[in-house]
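Me: Please take a close look at one part of this model for me. I would like to follow the charged side chains that pair up, and then see what lies elsewhere.

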Amino acid sequence: MIERTKRLETLFLGEINTIVSRMISSGSFSGFITITGVRISKDLANAHVFYSVFGSDEDKKNAAHTLSALRGEIGALLRKRIHIKRIPSFTFEIDDTPERASKVEKIFSKIEKLNEETK
């Protein structure tokens, strides 16, 4: 079952990326949106789609609102493209990994500077 879930996550990641990319090119979004991951529950009923937005805070808010509003349309397109018994209901969640990585990198830089000053 775990292998099937992983394969479905990979399939959904690719398909949702394709759908969102087409919507971006049609002008539905502002900013640069990347689908970074998909996590499907063990019972295959729910999926969390993680995304990141390169742009201003306003772009991030707009992306969150737009993705939520288009969730039904994206789900309908997935039903046409993926032929499985049941498409999980999904939610979009912001992936803040790049921002957290940037904060950690800044902390390491400060530590490095402090070490150089104490030498």
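Reply: Start with Glu9 and Lys6, which form a salt bridge with their closest N and O atoms 3.7 Å apart. This is a predicted model. General background helps here. Side chains of opposite charge can pair when their charged atoms come close. The cut-off for a salt bridge is 4 Å between a side-chain nitrogen of Lys or Arg and a carboxyl oxygen of Asp or Glu. The pair of Glu9 and Lys6 counts because 3.7 Å is within 4 Å.

Now place the two partners. Both Glu9 and Lys6 sit in helix H1, which covers residues 2–25. They are three residues apart, about one turn of the helix. Their surroundings can be read from their accessible areas. Glu9 is buried, because its relative accessible area is 8% and buried means under 20%. Lys6 has 46% relative accessibility, so it counts as partly exposed.

Glu9 has another partner. Its side chain also meets that of Arg39 in a salt bridge, at 3.9 Å from N to O. Here the two ends belong to separate elements: Glu9 is in helix H1, while Arg39 is in strand S1, residues 32–40. The pair therefore ties together parts that are 30 residues apart in sequence. Arg39 is partly exposed, with a relative accessibility of 46%.

Next comes Arg81, which forms a salt bridge with Glu15. Their closest N and O atoms are 2.3 Å apart. This pair links distant parts of the chain. Arg81 belongs to helix H3, residues 71–81, and Glu15 to helix H1, with their positions 66 residues apart in sequence. Arg81 is partly exposed, with a relative accessible area of 35%. Glu15 counts as buried at 16%.

Put the pairs together. Lys6, Glu9 and Arg39 are joined into one network by salt bridges that share partners. The count of salt bridges comes to three.

Stay with helix H3 for a moment. Gly75 is found there too. Its relative accessible area is 3%, so Gly75 is buried. Compare its place in sequence with its place in space. Gly75 and Pro88 are 13 residues apart in sequence, and their C-alpha atoms are 8.8 Å apart.

Now move to the strands and the loop between them. Leu44 is in the loop between S1 and S2. Its phi is positive, about 60°, although Leu44 is not a glycine. Leu44 is buried, with a relative accessible area of 12%. Ala47 follows in strand S2, residues 46–54. At 5% relative accessibility, Ala47 counts as buried. Ala47 and Pro98 are 51 residues apart in sequence and 22 Å apart from C-alpha to C-alpha.

Helix H2 covers residues 57–69 and holds Thr66. A polar atom of the Thr66 side chain lies 2.7 Å from the backbone oxygen of Asn62. Thr66 counts as buried, because its relative accessibility is 19% and the limit for buried is under 20%.

Finish at helix H4, residues 97–118, where Lys110 has its place. Lys110 is exposed, with a relative accessible area of 58%. Along with Lys103, Lys106 and Lys113, Lys110 forms a positive surface patch. Phe108 also lies in helix H4. Phe108 counts as exposed, because its relative accessibility is 55% and exposed means over 50%. A nonpolar surface patch of about 380 Å² is made by Phe108 with Val104, Ile107 and Ile111.

Here is the picture to keep. Glu9 pairs with Lys6 and with Arg39. Arg81 pairs with Glu15. Helix H4 holds Lys110, one of the residues of the positive patch, and Phe108, one of the residues of the nonpolar patch.

How values were computed. Residues numbered from 1 in each chain as written. Predicted model: local features only at pLDDT ≥ 70, side-chain atom pairs only at ≥ 80, totals over all residues. Heavy atoms only, no water. Patch = residues over 30% accessible without salt bridge, like charges linked within 9 Å, V, L, I, M, F, W, Y side chains within 5 Å. Areas by Shrake-Rupley, 256 points an atom, 1.4 Å probe, with all protein chains shown as cover. Lys, Arg positive; Asp, Glu negative; His and termini not counted. Charge placed at Lys NZ, Arg CZ, Asp CG, Glu CD. Helix = DSSP H or I, 4+ residues; strand = E, 2+ residues; numbered from the N terminus. Buried < 20%, exposed > 50% of the residue type's maximum accessible area, 1.4 Å probe, protein only. Polar contact = N/O pair within 3.5 Å; in protein donor to acceptor, adjacent residues only side chain to side chain.
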